Structures are given as C-alpha cells and as structure tokens.
2 protein chains.
Amino acid sequence: MDLQASKQQFIDTWGALGTEWGINKSVAQVQALLLASTNPLSTDEIMDMLKISRGNANMSLRQLVDYGIIYKKVIAGDRKEYFVAEKDIFKWAMKIASMRKQREIDPVMGVLADIRKATEADRSDDGKDFYEVVSGIQSFVDQLSKIADKLIQSNRSELLLKLLKALI
Amino acid sequence: MDLQASKQQFIDTWGALGTEWGINKSVAQVQALLLASTNPLSTDEIMDMLKISRGNANMSLRQLVDYGIIYKKVIAGDRKEYFVAEKDIFKWAMKIASMRKQREIDPVMGVLADIRKATEADRSDDGKDFYEVVSGIQSFVDQLSKIADKLIQSNRSELLLKLLKALI
DNA sequence: TTTTATTTTCAATATATTTTGAAAATACAG
DNA sequence: CTGTATTTTCAAAATATATTGAAAATAAAA
C-alpha cells in the first residue's frame with residue numbers, strides 16, 4: 001500500500017464513520033482529505049480529489065469552517081481560497097464535541113427540565129416512575145456535561161491521562 | 001401539560017435526538033415509550049401508541065433486545081410477548097456505548113493501525129506528516145477507549161463523580 | 001393433527017438526505 | 001466602470017434509509 005492508497009483508505013474510512021454518527025459523508029471526507037494533506041488545498045483540488053461537485057465541496061467546506069476545525073488560508077498572488085485542517089486532534093475533537101452538545105444535547109436537556117417540572121406534582125405511580133426516569137437521565141447527562149466542559153476549556157490532552165489514572 | 005403529553009414529548013424528543021446520532025427514529029421512540037411506561041407493553045400496544053407498523057415494531061424491539069437495553073417479559077396466561085426497558089441509565093448508556101465502540105470505532109482503529117504500519121517507512125515530508133496525524137488519532141482514541149472500558153466494566157455511576165472531582 | 005394466535009421476513013413503497021450543476025451573486029483586476 | 005475569476009445558492013435529481021403490510025414461518029391451543 002503506497003502513501004496515496006493509504007490516504008484514500010483513510011478518507012473512505014473516515015467518511016463511513018461520519019455517516020454512522022450523523023455527520024455527512026462529504027463533510028467527513030473533506031476533513032480527512034485536509035488532515036491527510038501537508039499543503040493547503042483549493043476548492044477545485046478538493047472537488048477533483050474526492051470527485052464531488054462544486055456545490056457539495058463549497059457546502060462541506062463552509063460547515064467545517066463554521067465548526068472551527070478547518071481554516072481558510074490565503075496564498076499570495078492567488079485569487080482562489082485555500083483550506084488547511086486543524087491537525088491537533090484534541091483541539092478539533094473538543095470543538096466537534098462542544099458544538100454537538102450545544103446544538104443537540106442542550107435543547108434536549110431543556111425539554112427534560114420542562115418535563116420534570118410538569119411531572120413533579122403528579123402523585124400517581126406512573127407519574128412518580130416517569131419522574132424518576134427523567135431525573136436519572138438529567139443527572140447522568142449533567143455529570144457527563146460537566147466533565148466535557150472541563151475538558152473542552154482545558155485544551156490539554158494530558159487531562160485524558162489524568163482521568164485514566166483517576167479510574168484505577 | 002398532563003402526564004400523557006409529557007410522555008409524548010419525551011418520546012418525540014428522544015426520537016429526534018436518536019436520528020441526529022445515527023439511531024433509527026422508531027428504535028429510539030420504542031425505547032423512550034418503554035422507559036416512560038411502568039408496566040410491560042406488547043408489540044400491539046407499542047404499534048398503537050407509536051403509530052408504527054408491525055414490521056417496524058418487531059425490528060425495533062429486536063434491535064433493542066440485542067443491545068441489551070430492553071428485556072422480554074412473560075406474562076402468565078398471555079400468549080403475547082411483553083417488553084420492559086432497563087431503567088438504570090448508567091447500565092443502558094454503557095451498553096449502547098460499548099456496542100457502538102465495538103461495531104463502529106474498533107474496526108476504524110484496525111484500519112488506522114494498518115495505515116500507520118504502511119506509512120511508517122515513508123520518509124517523504126508528506127508521509128511523515130500523515131503518519132503523525134494517524135498516530136495522533138490513534139493515541140487519542142486509545143486513551144478515550146481505556147477510560148470508556150473502565151467505566152463500562154465498573155458499572156457504577158458514582159465513578160462519574162469521581163472523574164469529575166479528579167478534574168478540579 | 002388441525003386450527004388459531006403470534007412473530008418474523010422482506011419486497012415494495014415512502015420518506016429523508018445528499019448531491020449535482022447551472023444560474024446568480026460576489027470579488028477582484030485591469 | 002467592464003470583464004473575468006471565484007464563490008454561493010438552491011431547485012431538481014439521485015441516492016440512501018426507513019417503513020409498511022401481507023405472506024410465510026413459528027408456536028401454542030384445541
């Protein structure tokens with residue numbers, strides 16, 4: 001397997017993994033391509049290498065820039081835009097995690113809080129059981145969230161090792 | 001908002017969240033319905049309450065039983081199968097996590113290991129950079145995996161609090 | 001065994017998501 | 001300003017995923 005084939009396999013695997021976790025295949029592949037590339041790439045190069053349309057490339061790049069896990073890079077004397085990936089996995093993984101928490105988890109937690117309030121006064125067995133289930137989910141997610149927030153703000157991957165040691 | 005409405009909102013919210021994370025909407029809704037129900041439910045009751053077809057209900061239930069997050073429950077004198085949810089969130093969240101790690105993350109890690117080996121000998125700048133990126137992902141995921149494994153085998157939610165304290 | 005209830009399967013259908021590509025908008029150079 | 005390169009938008013087409021429902025299989029009762 002030569003370098004090119006390895007990179008291709010990386011891109012394909014990354015795209016498939018993204019799909020399984022609710023991330024668009026093209027978006028994941030564009031990130032993988034940029035992760036695997038030493039030099040900045042233009043939209044046209046990305047279109048060529050991944051065999052995707054201009055519209056798709058543009059949308060995927062914009063989303064990755066919004067996530068903060070790839071950057072625009074100006075190349076002097078060239079009118080085109082170029083892109084580079086954030087290569088520090090701790091940085092980009094934390095950005096993806098905090099973005100998904102904020103967009104997908106936090107709204108659900110808001111709903112759970114409402115439901116909990118609305119159920120609090122219900123004295124039926126059914127009501128009490130449901131209240132317990134909702135409370136359990138809330139406190140579990142709250143605990144995980146606090147750990148996630150600490151990691152996100154800390155910005156240091158050694159914290160993972162610290163966590164691991166805390167578990168022995 | 002009465003209890004029934006609260007439960008319905010819980011089911012809808014859970015279904016939407018599932019979809020965003022690569023879990024089938026019906027599967028997530030069936031789990032939510034059973035979480036919100038004190039007593040065991042039959043396939044017919046689930047079909048009625050969620051307004052889904054028999055085939056869909058059957059497939060969703062089987063998947064949840066496979067995950068180990070709902071259980072079959074026999075009711076004496078009744079020929080139908082009934083189902084109850086595992087209500088301890090720590091238990092079921094760990095089961096989902098380990099199942100997804102095993103099915104989706106571990107194969108990717110296998111591919112990354114192959115790629116790393118194949119790239120090790122490459123002395124080009126490009127090859128060295130790519131090797132670094134792959135190695136970085138590997139060691140990050142390995143660390144997370146070790147933490148996850150500890151949590152999964154531990155089966156005690158107090159560990160989360162312990163973790164949180166370790167981060168102060 | 002035969003009948004009836006229940007579960008399972010899966011091809012067909014419906015729905016949701018992704019991708020394309022060309023037109024419109026924008027940005028830059030002369 | 002005018003012409004050209006580049007980026008953005010978005011309706012239409014393609015693809016992927018989810019759902020249905022009825023037939024086949026299975027299991028229990030008579």
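**Two chains and two DNA strands**

Chains A and B meet in a contact that takes 48 residues from chain B and 48 residues from chain A (two residues are in contact if their C-beta atoms, placed from the backbone, lie within 7 Å). Keep in mind that this is a predicted model, where local features need pLDDT of at least 70, side-chain atom pairs count only at pLDDT 80 or more, and totals for chains, interfaces and linings use all residues. Residues are numbered from 1 along each chain as its sequence is written, while chains are lettered from A and ligands numbered from 1 in the order in which they are written.

**Where chain B touches chain A**

- On chain B's side, the elements giving two or more residues are α1 (3-20), α5, α6 (125-154) and α7 (158-166); helices (H or I, at least four residues) and strands (E, at least two) are DSSP runs, numbered from the N terminus.
- The top contributor on that side is α6(B), with 14 residues.
- Sorted by type, this side of chain B has 27 nonpolar, 10 polar and 11 charged residues (Ala, Val, Leu, Ile, Met, Phe, Trp, Tyr, Cys and Pro count as nonpolar, Asp, Glu, Lys and Arg as charged, and the others, Gly among them, as polar).

**Around DNA strand D**

- There are 18 residues around DNA strand D, and the closest are A:G55, A:E81, B:S53, B:G55 and B:N56; "near" asks for a C-beta atom, placed from the backbone, within 6 Å of the molecule or strand.
- Two or more residues each come from α4 (54-67) of chain A and from α2 (25-35) and α4 (54-67) of chain B.
- α4(A) has the largest share here, 4 residues.
- This surface splits into 2 nonpolar, 9 polar and 7 charged residues.

**Around DNA strand C**

- DNA strand C also has 18 residues around it, with A:S26, A:S53, A:G55, B:G55 and B:E81 coming nearest.
- At least two residues each are supplied by α2 (25-35) and α4 of chain A and by α4 of chain B.
- Here the largest share, 4 residues, belongs to α4(B).
- The residue types come to 2 nonpolar, 9 polar and 7 charged.

**Inside the chains**

- Chain A is assigned domain 1 (3-85) and domain 2 (89-166); such bounds come from an automatic or database domain assignment.
- The C-alpha centres of those two domains of chain A lie 31 Å apart.
- Over in chain B, B:M99 sits in helix α5 (residues 89-120).
- B:M99 counts as partly exposed because 14 other C-beta atoms lie within 10 Å (20 or more would make a residue buried, 12 or fewer exposed, and in between is partly exposed, with C-beta atoms placed from the backbone).
- From B:M99 to B:L151 is 52 residues in sequence and 14 Å in space, C-alpha to C-alpha.
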